[in-house]
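Me: Please take a close look at one part of this model, and then follow its links outward. I want burial, packing and charge pairs in one connected account.

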Amino acid sequence: MKLFDLHCDTALELEKGDFDLYGNDELHISLKKASVFSEYRQVFAVWSEHRLSAEEAWERFLTVRDDFAKRLKTVDAPWFHPILGVEDSVILNGKTERLDVLYESGVRVLTLGWADTNSVCGSWNTDEGLTDFGKETVRRCFELGILPDLSHASDRTFYDTAAIAKEVGKPVIASHSVCRALRSHGRNMTDDMLKTLFGTGGVVGANLVCGFLTDKGLASLEDVVRHMMHAYRLGGEDRVCLGCDLDGTGSLPGGMKGIGDLPMLYDAICKFTHSERIAEKIFYSNARNFFSRWIHS
């Protein structure tokens with residue numbers, strides 16, 4: 001079984017707690033836990049920590065980037081393929097040249113917002129869209145080869161960004177989002193947003209955040225699969241992936257404790273759909289095919 005996951009917060013948590021990437025027991029993700037997969041590709045998004053100023057968040061990113069790179073030098077796991085991301089473009093602080101630094105650092109996914117507003121856009125809890133600097137940022141991301149990520153984006157930011165994507169013929173993604181039709185929450189995506197995203201050629205990664213999956217407390221594995229299948233039926237057979245948000249959320253659905261329990265979700269997809277092919281596409285090949293086409297190291 002192979003796994004390609006579009007979003008986790010582990011890089012930041014490793015640095016904050018000085019945990020071991022290979023064998024920690026404290027976090028959702030360790031390579032020891034992930035060894036249940038024959039191949040493991042993961043986007044490690046460095047969250048910009050909302051309590052920080054834009055400049056503090058930029059310095060924090062550089063610290064976590066360097067710490068993560070140092071940890072990777074000690075890893076001997078040819079089945080492990082990390083990709084760097086950033087969650088909340090507040091770190092740009094109006095400076096387009098920082099995008100070049102991000103790209104040179106290995107960043108290939110940029111989540112435009114997180115909450116409230118920044119120099120680029122409004123997030124899900126606002127009615128603001130892309131700023132003029134935000135439009136410049138999105139265009140530069142497309143030029144460089146950084147994927148604009150619309151998880152956490154306001155509806156207006158979503159459509160502003162999708163319009164630019166359509167204009168330039170490039171995709172946008174939602175790395176860790178589920179369906180507003182099944183759980184009415186501003187962080188979730190409407191059916192029209194999902195159709196629009198798929199229309200750009202983009203992908204969505206289903207997250208495992210219980211509060212976004214259900215309003216009834218702890219979510220079940222079936223809740224996760226229902227969100228996946230709702231997006232799947234909207235045109236996402238080749239577009240629905242995983243973006244679990246491990247180490248960025250608390251309790252996981254269905255009694256899972258971390259990445260080593262994700263085969264439970266694989267089995268739940270197979271049971272729901274009567275198709276191991278669909279489960280394999282969601283767990284791995286949809287994201288792998290997408291990144292192979294659009295992202296170059």
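Reply: Buried means under 20% relative accessible area, exposed means over 50%, and partly exposed covers what is in between, with a 1.4 Å probe and protein chains only. This is a predicted model, where local features need pLDDT of at least 70 and side-chain atom pairs count only at pLDDT 80 or more, while totals for chains, interfaces and linings use all residues. Numbering starts from 1 along each chain as its sequence is written, and side-chain values use heavy atoms, with hydrogens and water left out.

A quick case of burial comes before the main part. Thr126 is buried because its relative accessible area is 17%. Thr126 sits in the loop between strand 4 (107–111) and helix 5 (132–144). Helices (H or I, at least four residues) and strands (E, at least two) are DSSP runs, counted from the N terminus. Setting aside neighbours within four places in sequence, Thr126 touches Asp116, Thr117 and Ser154. Contact here means heavy atoms within 4.5 Å. From the C-alpha of Thr126 to that of Ala219, 93 residues apart along the chain, the separation is 26 Å.

Now the part itself: helix 9. The 13 residues of helix 9 (residues 221–233) should span 18 Å at 1.5 Å a residue, and the end C-alpha atoms are 18 Å apart, which agrees. The expected span is 1.5 Å times one less than the number of residues. Helix 9 is mostly covered, with ten of its 13 residues buried. Those buried residues are Leu221, Asp223, Val224, Val225, His227, Met228, Met229, His230, Ala231 and Tyr232. What do the buried residues of helix 9 pack against? Their partners are helix 7 (191–199), strand 6 (204–206), helix 8 (210–213), strand 7 (240–242), helix 10 (262–273) and helix 11 (276–294). Just after helix 9, Gly235 adopts a positive phi of about 120°.

Next, charge. A salt bridge is a side-chain nitrogen of Lys or Arg within 4 Å of a carboxyl oxygen of Asp or Glu. The whole structure has 19 of them. Helix 9 holds one such pair: Asp223 and Arg226 meet at 2.5 Å, N to O. Both lie in helix 9, three residues apart, about one turn of the helix. Asp223 is buried, at 13% relative accessible area. Arg226, at 38%, is partly exposed.

Past helix 9, two acids reach Lys281. Glu237 bridges to Lys281, with the closest N and O atoms 3.5 Å apart. This pair links distant parts of the chain, since Glu237 is in the loop between helix 9 and strand 7 while Lys281 is in helix 11, 44 residues apart. Asp238 also forms a salt bridge with Lys281, here at 2.5 Å between the closest N and O atoms. Asp238 lies in the loop between helix 9 and strand 7 and Lys281 in helix 11, so this pair ties together parts 43 residues apart in sequence. Lys281 counts as buried because its relative accessibility is 12%. Glu237 is partly exposed at 33%. Asp238 is partly exposed at 43%. Elsewhere, salt bridges that share partners join Glu15, Glu49, Arg51 and Arg60 into one network.

Helix 11 also takes part in ring packing. Rings of Phe, Tyr and Trp (its six-membered ring) pair if their centres lie within 6.5 Å; planes under 30 degrees apart count as stacked, over 60 as edge-to-face, and the rest as tilted. The structure holds nine aromatic pairs. In one of them, Phe4 and Phe291 are tilted, 5.0 Å centre to centre and 50° between the planes. Phe4 is in strand 1 (residues 2–8) and Phe291 in helix 11, 287 residues apart. Phe4 and Phe291 are both buried. Ring pairs also link Tyr40, Phe44, Phe68 and Phe80 into a cluster.

One last charged residue is Glu87, in strand 3 (residues 80–87). Glu87 is buried and has no salt bridge; Arg187, the nearest side chain of opposite charge, is 6.0 Å away. Lys and Arg count as positive, Asp and Glu as negative, and His and the chain ends are not counted. The side chains of Glu87 and His176 do share a polar contact of 3.1 Å. A polar contact is a pair of N or O atoms within 3.5 Å; within protein, one must be able to donate a hydrogen and the other to accept it, and residues adjacent in sequence count only if both atoms are side-chain atoms. Beyond its neighbours within four places in sequence, Glu87 touches residues including His7, Asp9, Trp47, Trp114 and His152.
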